[in-house]
There are 2 protein chains.
Amino acid sequence: MRNTRADVVAAALRVLAAQGLESCSMRRVAAELDVQPSALYHHVPNKQSLLALMADEILRSVRLDASDPRALCVALRGAMLSVRDGADVVATVEAFRLGSSAIERRLAELVGGEGAQTLLLYTFGHAQSTQTHRQAAEFGALLAEELPQEAGDGRDLDATFDSGIDIILGGLAAREIARTN
Amino acid sequence: MRNTRADVVAAALRVLAAQGLESCSMRRVAAELDVQPSALYHHVPNKQSLLALMADEILRSVRLDASDPRALCVALRGAMLSVRDGADVVATVEAFRLGSSAIERRLAELVGGEGAQTLLLYTFGHAQSTQTHRQAAEFGALLAEELPQEAGDGRDLDATFDSGIDIILGGLAAREIARTN
DNA sequence: ACCTGAACACCGTTCAAGT
DNA sequence: ACCTGAACACCGTTCAAGT
């Protein structure tokens, strides 16, 4: 036995971390394993499936037993931002699964189905835009030939993320009060 | 004068509507204009810029003088969903512009910066997942060789969109009350 | 079971040259 | 100003064949 499916996923995540989603081609992943591109199709039916397996692996660290919806969203965002382009990979795959992902189910237990969907979509959107901005900032820093400002945009985006969660949770709470009156 | 930049954008939107984002390559857009691929680079510096111009055109119908944040979000979502893969095109481009788009500025006037960001990210995320699900449903319908159910998932997604907006606007209102007390 | 080698039908972008 | 033609360095996927 030479390579296993897990080896392929691990290699793909190494390429993603090192070169980004744009460069994470089947051919590059194959090269990472010192194997011909066609060999990958023994482990995975196509690129889309490989991306789904990568998303699962990126989200493996998110504990589903949290009892605080905010903590779950923060963990989800953290996992997505922990790998280069992780937000894009996860958001694309999870958008496809909306209504059937484990994280959404857990969130729905805590805040109801509509609250879960709102929190999830907000979290995906915010993580994607955080990552887009970080890349733009890095790129700009390279062009300007100066060091990236250590505590500039990044901290702002973390703060606005929390604000958004506050607003949504506040809306859910207000709704609950209205229902019970 | 043979083709103008506007001709290129219009051709790209025709290809997008007919074949989707995946198939909207520089080469296909060139073919749509009966021109060599290299000719496009006279009108546009690269594919990314062309996508940005397409996003602007998709959003041209969104009136910025609305005084109701809900109406603005509904119009935004409607514009994105009016073209095949429009949500992906707009979300990608606008995420890059977060903090500087005309729609976000108008929304910020109505509900403040944090509210604007929350509403926008939610709207992008929901539109993207609506479109993903519609495509999956179409694909499934083709495989199952049956007609698409006319009022199934689509109406549900419209309803959940409104719910999410309600939750966010409710949260903003609750916050405003807390501040003025 | 896992992989090679070769092929097919594509990409975005550049650049000298034409009109 | 706008376009052609040719090239460069890539893609995802299939498939017969090898071990």
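Helix H2 (residues 26-32) of chain B gives three residues to the surface near DNA strand C, the largest share. Here a residue is near a strand if one of its heavy atoms lies within 4 Å of it. Helices (H or I, at least four residues) and strands (E, at least two) are DSSP runs, numbered from the N terminus.

This is a predicted model: local features need pLDDT of at least 70, side-chain atom pairs count only at pLDDT 80 or more, and totals for chains, interfaces and linings use all residues. Residues are numbered from 1 along each chain as its sequence is written, chains are lettered from A and ligands numbered from 1 in the order in which they are written, and side-chain values use heavy atoms, with hydrogens and water left out.

Stay with DNA strand C. It is surrounded by 18 residues. The closest are A:Gln36, A:Ser38, A:His42, A:His43 and B:Arg27. Of the strand C atoms that come within 4 Å of the protein, 52% belong to sugar and phosphate. By class, the surface near strand C holds five nonpolar, eight polar and five charged residues. In this scheme Ala, Val, Leu, Ile, Met, Phe, Trp, Tyr, Cys and Pro count as nonpolar, Asp, Glu, Lys and Arg as charged, and the others, Gly among them, as polar.

Now the phosphates of strand C. A polar side-chain atom of B:Lys47 lies 2.9 Å from a phosphate oxygen. For B:Arg28, a side-chain N or O atom is 3.3 Å from a phosphate oxygen. A:Asn3 uses its backbone: an N or O atom there lies 3.1 Å from a phosphate oxygen.

Turn to DNA strand D. Here too 18 residues surround the strand. The closest are A:Arg27, B:Gln36, B:Ser38, B:His42 and B:His43. Sugar and phosphate make up 52% of the strand D atoms that come within 4 Å of the protein. Helix H2 (residues 26-32) of chain A gives the most to this surface, with three residues. The classes near strand D are five nonpolar, eight polar and five charged residues.

Strand D also has phosphate oxygens beside the protein. One is 2.6 Å from a polar backbone atom of B:Gln36. A side-chain N or O atom of B:His43 is 2.7 Å from a phosphate oxygen. For A:Met26, a polar backbone atom is 3.0 Å from a phosphate oxygen.

What does the database record add? UniProt places a "DNA-binding region" (unreviewed entry) at residues 25-44 of chain A. Such positions are given in the numbering used here, feature names are shortened, and annotations may be inferred rather than shown by experiment. In the model this span is 35% helix and 0% strand, and its end C-alpha atoms lie 14 Å apart.

Next, the protein-protein contact. It takes 26 residues from chain A and 26 residues from chain B, where contact means heavy atoms within 4.5 Å. The two chains bury about 2,200 Å² between them, 69% of it on carbon and sulfur atoms. A:Thr118, A:Leu121 and A:Ile167 supply 25% of the area that chain A buries against chain B, more than any other three residues. Buried area is the accessible area (1.4 Å probe) that two parts lose on being put together, summed over both.

How many salt bridges join chain A and chain B? The count is zero, a salt bridge being a side-chain nitrogen of Lys or Arg within 4 Å of a carboxyl oxygen of Asp or Glu.

On the chain A side, helix H5 (86-97), helix H7 (113-144) and helix H8 (153-180) each supply at least two residues. H7(A) has the largest share, 13 residues. By class, this side has 10 nonpolar, 14 polar and two charged residues.

Definitions and conventions:
Polar contact = N/O pair within 3.5 Å; in protein donor to acceptor, adjacent residues only side chain to side chain.
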